[in-house]
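Welcome, and please take a moment to look at the sequence and the 3D structure. The paragraphs after them will walk you through a few places, one at a time.

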Amino acid sequence: MSTQVVGHMKGTTAALVALTAASCLQVVDPTANNIAIVGASVDLGMSSSSRAFAASVGTLSLAAFILTTGALGDRLGRRRIMLLGLLTAIAGGIITAIAPTTAVFMLGRGITGIGIAASFGLSFALLREVAPDAIPKAVAFWLAGQTAAALVLGVVAGWMAGFGWRFGYLTMPIVAVVAFLMCMRGLPEAKADTVGAFDYVGLGSVAVALIGLIYGLSNAASYGWGSAQVLVPVLVGVVFMVVFIWWENRVEAPAFPVKLFKDPELAGSVAVGFSFNMWQAVVMIQLSMLWQYVYQYTPLQVSLGQLPMSLAMVVGAVIAGRLLSRGIPASLNLIIGHVLLIGTMVLFGFSTTTSPYVFFAIPMIVGGFARMLNETTMGQFFVAKPPPALTGAMASSKTAIGQTSFALGTALSSTFLFGQYGRGIAEAFADANVEPAQQGQYTGMIQQYISGGDLSDYDPALVQKVIDQASEVFLSSFNGTMFIIAGFLAFFAIISTLFFAKANRDRKAGRLVDGPLTLDGRPAALAGGDAPSAG
């Protein structure tokens with residue numbers, strides 16, 4: 001092997017490591033925020049509503065700017081905007097950490113979200129420049145690397161937050177500084193050769209749409225689906241999403257050409273994204289609650305309990321990249337992934353009050369592997385298929401799909417679980433002829449038990465009876481919710497399978513080939529020549 005080839009391989013690996021480091025902000029920041037927000041809310045005197053908004057403002061900011069930063073990268077240089085995003089994230093993290101008031105804290109979280117939008121989305125887009133001939137392997141490396149880093153950085157964030165919430169919020173800026181230094185060298189620049197007018201209408205409307213949808217869905221578990229807190233933002237989100245789609249179909253230079261989704265592999269990949277993100281939302285949130293409510297796991301035990309799933313995700317990404325590189329059809333990968341995700345969700349639905357940890361560990365490991373099998377397969381299309389001039393916008397849209405589907409999975413599963421739980425508790429009270437005054441007392445016992453409070457003032461035998469009944473009801477609600485979510489996953493699996501079946505037929509008929517698409521969603525190689533260079 002020549003020195004030149006070896007040098008190229010080393011350079012490619014170093015570039016992939018740097019891009020993976022840039023992507024780690026998106027995984028370490030939510031972890032640090034979840035740990036440190038409690039201390040911040042107390043120290044800054046936040047109200048309950050202010051704390052709820054403060055906890056989500058970073059996510060909303062990311063959603064609002066994810067496509068805009070992708071479009072700016074396409075115009076001004078993806079590497080340049082990614083580096084600017086890292087600097088912005090550093091500034092946002094520092095502002096958050098030193099915030100003297102709630103307003104400054106929220107400003108810092110908002111700036112952080114903008115920085116992560118640019119660094120995460122464009123680090124994904126640059127995979128196409130770094131490894132144009134090995135995109136599946138590059139996507140697998142990027143996904144496996146950030147997942148592995150999340151395991152370590154999550155522990156670091158918890159350790160730093162132990163010194164105080166302000167130190168917890170400094171975790172992400174430190175990671176961003178390291179990533180910035182790594183990305184300063186060895187990364188190629190890439191941007192569109194020619195651009196039209198900046199698409200303010202399209203990017204503005206999709207920003208409002210994503211904020212409305214994600215914020216509204218996030219409120220569903222707390223306020224109910226019929227509340228104004230859910231209906232108003234979701235309705236606004238839907239209206240602006242319709243405006244966005246209509247506008248992008250008619251404007252001459254769209255920031256995000258929705259016509260690309262005429263391609264059946266891209267269209268099917270959207271359904272794939274909803275499936276695995278919803279699965280992860282349910283496992284991370286509802287399973288952790290089951291462990292704490294019914295089995296009395298400590299927060300540390302919950303974190304350690306989910307560790308095998310993360311390790312399986314690393315393995316899944318690596319194996320998926322190898323399978324795709326060896327020519328295994330994407331449709332086969334996805335069918336296997338969907339079957340495993342649905343199967344693990346069904347298995348969770350057979351939980352009992354005496355289920356050992358291994359009962360949950362095996363489906364988590366299988367599901368974590370399957371989740372990355374699907375995400376790696378999906379991710380390669382979002383990198384390889386867009387016209388070179390729009391790689392940044394398309395790569396960023398994958399994150400938007402992920403944020404929306406995760407919020408949907410959380411909202412649906414929380415609604416189903418607690419809706420069934422509330423009805424179950426009411427029925428248990430009715431069956432036992434419990435008086436209204438006693439119902440309040442029993443509910444108080446349950447809340448004290450869940451929060452780890454002092455129950456010594458209550459009769460131990462009565463406490464045990466009430467808690468046992470509440471645990472049975474919660475478990476039954478959890479199991480029912482798992483079966484319902486399995487149905488949603490099956491729905492998205494069917495949609496995805498139909499699109500990829502069409503893609504296979506189109507390939508056999510010569511209507512679909514690998515490579516970038518034209519602006520109207522046709523393979524560039526079949527439309528009179530290759531797509532223009534990214535420059």
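What follows is a guided tour of a predicted model, from a pair of helices to salt bridges, a few buried residues and a patch on the surface.

Let us begin with two helices. Two packed helices are described by the angle between their axes and the distance between those axes. Here, find helix α4, which covers residues 78-98, and helix α5, which covers residues 102-125. Their axes come within 7 Å and cross at roughly 155 degrees. Because an angle over 145 degrees counts as roughly antiparallel, α4 is roughly antiparallel to α5. The crossing in which α4 passes α5 is left-handed. For a single residue on this pair, pick L83, which sits in helix α4. With a relative accessible area of 9%, L83 is buried, because buried means under 20%. Its C-alpha atom is separated by 6.9 Å from that of S119, although L83 and S119 are 36 residues apart along the chain.

Now turn to charges. Side chains of opposite charge can pair when their charged atoms come close. How many salt bridges does the model hold? The count comes to 12. One of them is formed by R78 with D74, where the closest N and O atoms are 2.8 Å apart. Are these two partners buried or exposed? Both R78 and D74 are buried.

Another salt bridge brings together the side chains of R507 and E265, at 3.1 Å from N to O. R507 lies in helix α19 (residues 460-508) and E265 in helix α12 (residues 264-293), so this pair ties together parts that are 242 residues apart in sequence. The two partners are covered to different degrees: R507 has 28% relative accessibility and counts as partly exposed, whereas E265 has 4% and counts as buried.

A third pair to look up is E375 and K398, whose closest N and O atoms are 2.6 Å apart in a salt bridge. This pair links distant parts of the chain, with E375 in helix α16 (residues 357-384) and K398 in helix α17 (residues 391-431), 23 residues apart. Both E375 and K398 are buried. Elsewhere, salt bridges with shared partners join D263, E265, K385, R507 and D514 into one network. You have met two members of that network already, R507 and E265, as partners in a salt bridge.

Stay with helix α17 for a moment, since two more of its residues are worth finding. A400 is in this helix, and at 9% relative accessibility A400 counts as buried. Which residue can you compare it with across the chain? The C-alpha atoms of A400 and A207 are separated by 9.8 Å, while the two residues are 193 residues apart along the chain. Q403 also has its place in helix α17. Q403 counts as buried too, at 14% relative accessibility. Its C-alpha atom and that of M278 are separated by 9.9 Å, with their positions 125 residues apart along the chain.

Next, move to the loop between α16 and α17, where you will find P386. Its relative accessibility is 0%, so P386 counts as buried. The C-alpha atoms of P386 and F256 are separated by 9.8 Å, and these residues are 130 residues apart along the chain.

Finally, come out to the surface. Which residues form a nonpolar patch there? They are V208, V232, L235, V236, V239, F240, V243 and W246, and together they have about 660 Å² of accessible area. Helix α11, residues 228-250, gives the largest share of this patch, with 7 residues. F240 is one of the patch residues, and F240 is found in helix α11. At 32% relative accessibility, F240 counts as partly exposed. Why can F240 belong to the patch at that value? Patches are made of residues with over 30% relative accessible area, so the 32% of F240 is enough on that point.

Note on methods. Residues are numbered from 1 along each chain as its sequence is written. This is a predicted model: local features need pLDDT of at least 70, side-chain atom pairs count only at pLDDT 80 or more; totals for chains, interfaces and linings use all residues. Side-chain values use heavy atoms; hydrogens and water are left out. Patches are made of residues with over 30% relative accessible area and no salt bridge: like charges are joined within 9 Å, nonpolar side chains (Val, Leu, Ile, Met, Phe, Trp, Tyr) within 5 Å. Accessible areas come from the Shrake-Rupley method with a 1.4 Å probe; for residues, only the protein chains shown count as cover. A salt bridge is a side-chain nitrogen of Lys or Arg within 4 Å of a carboxyl oxygen of Asp or Glu. Helices (H or I, at least four residues) and strands (E, at least two) are DSSP runs, numbered from the N terminus. Buried means under 20% relative accessible area, exposed over 50%, partly exposed in between (1.4 Å probe, protein chains only). Axes are lines fitted to C-alpha atoms, for helices over the stretch in contact, and angles run from 0 to 180 degrees between N-to-C directions. Angles under 35 degrees count as roughly parallel, over 145 as roughly antiparallel, 65 to 115 as roughly perpendicular and the rest as oblique. A crossing is left-handed if the near helix is turned anticlockwise from the far one by less than a right angle, and right-handed if clockwise.
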